[in-house]
Amino acid sequence: MATKIRLQRFGRKNYAFYQIVVADSRAPRDGKFIERIGSYNPNTNPATIDLKFDRALYWLQTGAQPTDTTRTILSREGVCLKKHLLEGVKKGAFDETAANAKFDAWLQEKNISLQKVKDVEREKKKAATKALLEAEKEVNKAKAEALAKKKADLAAEARAKAEEEAAKAQGESAPEQDAP
């Protein structure tokens with residue numbers, strides 16, 4: 001039986017996420033599988049990968065063939081590198097401690113670069129939020145100025161009306177005083 005490590009699609013339309021599974025190569029994409037070894041969510045930035053590292057390594061060493069996308073995911077997570085290093089240990093190219101040291105150094109470098117990507121994304125988000133806040137402040141300032149102008153116009157109009165009424169009242173009372 002030929003086994004494949006591949007993706008099973010889940011999620012709604014235009015928002016797919018995937019389970020990483022080991023399945024018989026003859027089984028349909030979303031059909032029966034042998035073991036679920038992880039998940040992959042491409043909708044986040046950077047993509048979220050949750051992988052059972054030991055089980056993925058076991059299945060690669062057993063002879064399971066990953067699909068192209070799954071091979072990229074496994075390479076990104078270091079499973080393919082670990083398999084390569086363990087094969088070097090079997091051939092006697094170096095010992096297991098050297099292989100583990102090389103893998104740990106690679107893993108540390110990968111984590112640093114991933115943290116940089118996350119930091120850049122966080123800074124972009126902060127800058128976008130700050131720009132949005134500044135734009136909202138400008139809009140609010142313009143609205144406040146328009147409201148103040150409208151209130152001033154209404155107050156001036158009310159004052160003019162009051163003066164006009166006062167003038168009419170004085171005008172009406174003045175002829176009455178002249179008549180007697």
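Where does S39 lie? S39 is in strand 3, and we'll come back to this residue in point 3. Keep in mind that this is a predicted model. Here are my notes, point by point.

1. Let's start with the aromatic rings. There are 5 aromatic pairs in the structure. One of them joins F10 and F17, whose rings are stacked, with 6.1 Å from centre to centre and 20 degrees between the planes. How open are these two residues? F10 has a relative accessible area of 36%, so it counts as partly exposed. F17 is also in the partly exposed class, at 31%.

2. Now look at Y18 and Y40. Their ring centres are 6.2 Å apart and the planes meet at 25 degrees, so this pair is stacked. What I like here is that the pair links distant parts of the chain: Y18 belongs to strand 2 (residues 15–24) and Y40 to strand 3 (residues 35–41), 22 residues apart. Is Y40 buried or exposed? Y40 is buried, because its relative accessible area is 15%, and the cut-off for buried is under 20%. Y18, at 23% relative accessibility, counts as partly exposed.

3. Back to S39 in strand 3. With a relative accessible area of 17%, S39 is buried. Which residues does S39 touch, if we skip those up to four places away in sequence? They are Y18, Q19, I20, T48, I49 and D50. Y18 is the residue that pairs with Y40 in point 2, so it's worth clicking on while you have this part of the model on screen.

4. T3 is a good one to check next. T3 sits in strand 1 (residues 3–12) and is buried, with a relative accessible area of 14%. Leaving out residues up to four places away in sequence, T3 touches V22, A23, S25, I34, W59, G63, A64 and Q65.

5. L51 is part of strand 4 (residues 48–51). Its relative accessible area is 16%, so L51 is buried. Aside from neighbours within four places in sequence, L51 is in contact with I20, I37, G38, A56, L74, E77 and V79. Two of these names turn up elsewhere in my notes: I20 is also touched by S39, and E77 helps line the largest pocket. For a sense of distance, try L51 and G92: these residues are 41 apart along the chain, and their C-alpha atoms are separated by 29 Å.

6. There's more to see among the rings. F53, F103 and W106 make up one aromatic cluster. F103 also has a lysine over its face: K82, at 5.0 Å from the ring centre. A second case involves K102, which lies over the face of F94 at 4.4 Å from the ring centre.

7. What lines the largest pocket? The lining consists of P46, A47, I49, R76, E77, K110, L114 and K118. The space inside comes to about 200 Å³. By type, the lining residues split into 4 nonpolar, no polar and 4 charged. Helix 2 (68–77) and helix 4 (96–178) each supply at least two of the lining residues. Helix 4 gives the most, with 3 residues.

8. One of those lining residues deserves a second look. P46 lies in the loop between strand 3 and strand 4, and the peptide bond from N45 to P46 is cis, with omega near -5 degrees. N14 has something to show in its backbone too: phi of N14 is near 65 degrees, a positive value in a residue other than glycine. Why point these out? Most residues other than glycine have a negative phi, and most peptide bonds are trans. N14 is found in the loop between strand 1 and strand 2. With a relative accessible area of 72%, N14 is exposed.

9. Finally, take a look at helix 4, where A131 has its place. A131 is partly exposed, with a relative accessible area of 46%. From A131 to A152, which is 21 residues apart along the chain, the C-alpha atoms are separated by 31 Å.

Note on methods. Residues numbered from 1 in each chain as written. Predicted model: local features only at pLDDT ≥ 70, side-chain atom pairs only at ≥ 80, totals over all residues. Heavy atoms only, no water. Phe/Tyr/Trp six-rings, centres within 6.5 Å; stacked < 30°, edge-to-face > 60°. Buried < 20%, exposed > 50% of the residue type's maximum accessible area, 1.4 Å probe, protein only. Helix = DSSP H or I, 4+ residues; strand = E, 2+ residues; numbered from the N terminus. Lys NZ or Arg CZ within 6 Å of the ring centre and 35° of its normal. Contact = heavy atoms within 4.5 Å. 1 Å grid on protein atoms, 1.4 Å probe; cavity = no way out; pocket = protein on both sides within 12 Å on 5 of 7 lines; lining within 4 Å. Points joined across faces, edges and corners; volume = space filled by probe spheres on them. Nonpolar A, V, L, I, M, F, W, Y, C, P; charged D, E, K, R; others polar.
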